[in-house]
Amino acid sequence: MRGKIQKKIDMLLSLVIIVILLPLFVTIIGQRMQLEELIYGDAQQVIDETVTERSTEGDGAGNSSVEAGIDAAEIEQQLVGIVAKEISADAHEEALFAQCVIARTNLYDAKTRKSAEPEALNVEEMRALWGEQFEECYERLKLCVEHTEGEVLMWNGSYAYAAYHAISAGSTRDMAELYSEAKMPYLKAQVCEADVVAEGYLSVSYLEKEEFAEACNRLFAGSGVKNTEDVVIETRDTAGYVTAMKVGAVTCDGEAFREGFGLNSACFAISEIDERVRIVTKGLGHGFGLSQHTANKMAEEGGSYREILTYFFPGTELCNVSDGK
């Protein structure tokens with residue numbers, strides 16, 4: 001009898017623990033989904049559209065906020081939600097300052113061009129992301145926005161394309177290698193040694209050979225892939241990201257393959273191990289511009305946000321829109 005009673009007590013305790021912990025699990029899963037949406041979003045599409053737009057522009061196109069009729073106060077109000085979506089609120093302060101400048105630059109640029117603006121989290125989404133730390137995180141980002149008020153990156157009289165990603169493959173990418181027509185000489189390959197030991201730098205996935213071939217044929221119509229050997233990486237850029245490959249009869253770039261297979265980046269290698277297909281991926285994101293992990297490490301080592309921005313966007317000017325630039 002006593003054993004049965006104890007068993008019932010144990011079951012009740014288990015149910016109570018589940019009820020208590022369930023909201024925590026839901027919050028954690030929600031945060032992970034939001035981060036994955038950020039990492040696996042339409043970043044490459046944005047890059048393609050941006051390069052296309054800028055390759056048709058003349059040098060020195062003026063982008064004055066006064067000329068564009070942009071409300072500076074409205075811009076500053078939007079930035080907390082944008083920065084909250086783009087970077088972790090517990091990053092080093094100087095790294096957050098750098099991200100605020102990036103977000104402001106891209107927002108001014110989008111408003112000037114009347115193109116898609118950077119996505120932002122609303123208050124409800126920020127509450128869900130930060131939970132009990134909402135007020136603390138919100139105030140921290142708000143102060144970072146205020147600290148950099150009005151600051152933007154300019155190049156040759158235009159807003160710079162302030163690209164960023166989570167973790168590089170050990171070096172950022174040179175935009176000119178992928179888009180020779182791009183007028184973005186400030187997006188050069190920059191060494192990021194700290195990234196190669198970052199959590200999330202390396203990702204390894206396995207697929208059965210038949211599963212891999214089926215996926216290739218589904219994602220790339222007419223490819224006719226039968227064996228792993230039918231998928232060949234042809235060229236990479238100097239940072240190691242795939243720029244051209246053959247998926248059977250279909251030619252594509254690394255970003256298209258990355259998107260199709262849900263890989264962390266276009267810096268990947270494909271091989272057969274123990275009768276299965278292994279895909280090893282380095283880095284997290286498209287690899288252009290600022291690496292948030294290295295930026296955070298630079299900040300921890302005493303680097304200022306101005307030094308961080310100078311490193312990742314050499315040749316650009318840190319200006320204030322209030323100066324009429």
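1. A cavity is a set of grid points where a 1.4 Å probe fits but cannot get out, and the residues that line it are those with an atom within 4 Å of such a point. In this structure, which is a predicted model, the second largest cavity is lined by R173, L178, V242, T243, D253, G254 and E255. The structure holds 2 cavities of 30 Å³ or more, and about 30 Å³ of space lies in the second largest one. Two elements, β6 (242-247) and α10 (254-261), each give two or more residues to the lining of this second largest cavity. When the residues of that lining are sorted by character, they divide into 2 nonpolar, 2 polar and 3 charged.

2. The next point concerns a small sheet. This open sheet has 3 strands in the order β2-β1-β11, and the pairing in it is antiparallel. Its edge strands are β2 (158-159) and β11 (317-320), each of which pairs on one side only. Strand β1, which covers residues 151-155, is joined to β11 by 4 bridges, and the two strands run antiparallel. Among the residues that take part, V152 has C319 of β11 as its bridge partner, while E151 has N320 of β11 as its partner. On the other side, β1 and β2 pair in the antiparallel sense over 2 bridges, and here M154 has Y159 of β2 as its bridge partner. Strand β1 is largely enclosed by the rest of the structure, because 4 of its 5 residues are buried.

3. Which residue takes a positive phi in the hairpin of β1 and β2? The residue is N156, and the hairpin has 2 residues between its strands. N156 has its place in the loop between β1 and β2, and its phi is near 55 degrees, a positive value in a residue other than glycine. For a student it helps to recall that most residues other than glycine have a negative phi. N156 counts as partly exposed because its relative accessible area is 39%, a value between the limits of 20% and 50% that set buried and exposed residues apart.

4. A second residue deserves a similar remark. D274 is found in the loop between β8 (268-273) and β9, and although D274 is not a glycine, its phi is positive, at about 50 degrees. Is D274 buried or exposed? With a relative accessibility of 70%, D274 counts as exposed, since the term applies to values over 50%.

5. The strand that follows this loop, β9 (residues 276-282), contains R278. At 27% relative accessibility, R278 counts as partly exposed. Which residues does R278 touch, once its neighbours within four places in sequence are left aside? R278 is in contact with V204, S205, Y206, A269, I270, S271 and I273. R278 also lies 6.6 Å from L207, C-alpha to C-alpha, although these two residues are 71 residues apart in sequence.

6. Another pair that is separated along the chain involves helix α6 (residues 123-130), in which E125 is found. The C-alpha atoms of E125 and K85 are separated by 9.4 Å, and the two residues stand 40 residues apart along the chain. E125 counts as partly exposed, because its relative accessibility is 32%.

7. The last point concerns the cysteines. A disulfide is a covalent bond between the sulfur atoms of two cysteines. How many disulfides does a search of the whole structure find? The search finds 0 disulfides. C100 is in no disulfide, and the cysteine sulfur nearest to its own is that of C144, 5.2 Å away. C144 is likewise in no disulfide, and its nearest cysteine sulfur is that of C100, at 5.2 Å. The reason is one of distance, because a disulfide is counted when the two sulfur atoms lie within 2.5 Å. As for their surroundings, C100 is buried, with a relative accessible area of 0%, and C144 counts as buried at 1% relative accessibility; both values are under the 20% that the word buried requires.

Definitions and conventions. Residues are numbered from 1 along each chain as its sequence is written. This is a predicted model: local features need pLDDT of at least 70, side-chain atom pairs count only at pLDDT 80 or more; totals for chains, interfaces and linings use all residues. Side-chain values use heavy atoms; hydrogens and water are left out. On a 1 Å grid over the protein atoms alone, a cavity is a set of points where a 1.4 Å probe fits but cannot get out, and a pocket is an open set with protein on both sides within 12 Å along at least five of seven lines; lining residues have an atom within 4 Å of a point. Grid points are joined across faces, edges and corners, and a volume is the space filled by probe spheres set on the points. Ala, Val, Leu, Ile, Met, Phe, Trp, Tyr, Cys and Pro count as nonpolar, Asp, Glu, Lys and Arg as charged, and the others, Gly among them, as polar. Buried means under 20% relative accessible area, exposed over 50%, partly exposed in between (1.4 Å probe, protein chains only). Two strands pair if DSSP finds at least two bridges between them. Contact means heavy atoms within 4.5 Å.
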